[in-house]
Amino acid sequence: MNIRKFIDNAIEQFGHETKDLEFLPENRYNRNIFPTTGQYDWFSGQVLYCLIRYLKPRRILEISTASGYATLFMAKALKQNNWGKIDTFELDPKAARAAMKLFKRFEVDAFVESYIGDAKKISTAAPLDYTIYFLDSLHTEGFAR
């Protein structure tokens with residue numbers, strides 16, 4: 001299956017659920033909710049949510065939690081799946097703590113394990129432990145490796 005068909009299938013199956021996530025893009029520049037900037041657009045968030053619903057991953061590795069904007073899309077999908085966990089790593093302690101409060105506020109904290117520090121140095125999981133790798137930081141091949 002090509003990637004376009006794959007995404008189309010995910011959106012067709014779960015796109016109707018994204019109306020319940022509109023609070024995220026409506027607040028993406030609200031510093032009281034998301035103290036760091038850089039949140040991507042509403043369409044990307046919906047696709048991310050639909051893909052997580054469609055794939056039903058057991059475990060996701062996220063690099064760069066920041067304020068938790070993208071993490072919330074994924075965690076909401078995991079909650080709907082009633083399955084899966086995100087291991088998310090953030091270097092900035094202030095941003096990480098804000099994100100953790102957000103996960104609790106939106107009742108997805110059971111699906112998110114937050115870590116403060118460099119994933120390469122503090123992760124005890126092996127690469128094969130993850131179904132999805134979500135690199136939401138420096139978007140280069142070198143960084144990803």
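## Helix packing, sheet and selected residues

Helix 1 (residues 3-14) packs against helix 3 at an angle of about 90°, and their axes are 8 Å apart. Helix 1 is therefore roughly perpendicular to helix 3. On the helix 1 side, the contact is made by Phe-6, Ile-7, Asn-9, Ala-10, Ile-11, Gln-13 and Phe-14. Helix 3 contributes Val-47, Tyr-49, Cys-50, Leu-51, Arg-53, Tyr-54 and Leu-55. By class, the residues of this contact are eleven nonpolar, two polar and one charged. The description rests on a predicted model.

Helix 1 also holds Asp-8. This residue counts as partly exposed, because its relative accessibility is 39%. Asp-8 lies 68 residues from Lys-76 in sequence, and their C-alpha atoms are 20 Å apart in space.

### Overall build

The protein contains seven helices and four strands. Read from the N terminus, the elements follow the order α-α-α-β-α-β-α-β-α-β-α. The radius of gyration is 15 Å, close to the 15 Å that the globule rule gives for 145 residues, so the protein is as compact as a globular protein of that length. Along the principal axes, the C-alpha atoms fill a box of roughly 40 × 35 × 30 Å.

Of the 145 residues, 43% count as buried. Contacts between residues at least 6 apart in sequence were also sorted by separation: 79% of them join residues at least 24 apart.

### The sheet

The four strands form an open sheet with parallel pairing, in the order 3-2-1-4. Strand 3 (112-116) and strand 4 (132-135) are at the edges; each has a single partner strand, so one side of each lacks a neighbour in the sheet. On average, neighbouring strands are turned by 15° against each other, with direction ignored.

Strands of a sheet pair through backbone hydrogen bonds, in either a parallel or an antiparallel sense. Here, strand 1 (residues 59-63) pairs with strand 4 in the parallel sense over four bridges. Within these two strands, Ile-60 stands opposite Ile-132 of strand 4, and Leu-61 has Tyr-133 of strand 4 as its bridge partner.

Which residues of strand 4 are on its covered face, and which on its uncovered one? Ile-132 and Phe-134 make up the covered face, whereas Tyr-133 and Leu-135 make up the uncovered one. In a regular strand the side chains alternate between the two faces of the sheet.

Helix 5 (residues 93-105) lies across strand 2 (85-90) and strand 3. Relative to strand 3, helix 5 runs at about 165°.

### Residues in the loops

Several loop residues can be described by place and accessibility. The table lists four of them.

| Residue | Loop | Relative accessible area |
|---|---|---|
| Arg-28 | between helix 2 (23-26) and helix 3 (42-55) | 17%, buried |
| Thr-65 | between strand 1 and helix 4 (69-81) | 6%, buried |
| Ala-66 | between strand 1 and helix 4 | 25%, partly exposed |
| Glu-107 | between helix 5 and strand 3 | 55%, exposed |

Arg-28 counts as buried because its relative accessibility of 17% is under the 20% cut-off. The C-alpha atom of Arg-28 is separated by 9.0 Å from that of Asp-41, which is 13 residues away along the chain.

What does Thr-65 touch, leaving aside residues up to four places away in sequence? The residues touched by Thr-65 are Thr-71, Thr-88, Phe-89, Glu-90, Ala-99 and Phe-103. Thr-65 itself is buried, at 6% relative accessible area.

Ala-66 is found in the loop between strand 1 and helix 4. Phi of Ala-66 is near 50°, which is a positive value in a residue other than glycine. Ala-66 is partly exposed, with 25% relative accessible area.

Glu-107 likewise has a positive phi, of about 55°, although it is not a glycine. Glu-107 sits in the loop between helix 5 and strand 3, and with a relative accessible area of 55% this residue is exposed.

Definitions and conventions:
Residues are numbered from 1 along each chain as its sequence is written. This is a predicted model: local features need pLDDT of at least 70, side-chain atom pairs count only at pLDDT 80 or more; totals for chains, interfaces and linings use all residues. Side-chain values use heavy atoms; hydrogens and water are left out. Two strands pair if DSSP finds at least two bridges between them. Axes are lines fitted to C-alpha atoms, for helices over the stretch in contact, and angles run from 0 to 180 degrees between N-to-C directions. Contact means heavy atoms within 4.5 Å. Buried means under 20% relative accessible area, exposed over 50%, partly exposed in between (1.4 Å probe, protein chains only). Angles under 35 degrees count as roughly parallel, over 145 as roughly antiparallel, 65 to 115 as roughly perpendicular and the rest as oblique. Ala, Val, Leu, Ile, Met, Phe, Trp, Tyr, Cys and Pro count as nonpolar, Asp, Glu, Lys and Arg as charged, and the others, Gly among them, as polar. The radius of gyration is taken over C-alpha atoms; the globule rule is 2.2 Å times the number of residues to the power 0.38.
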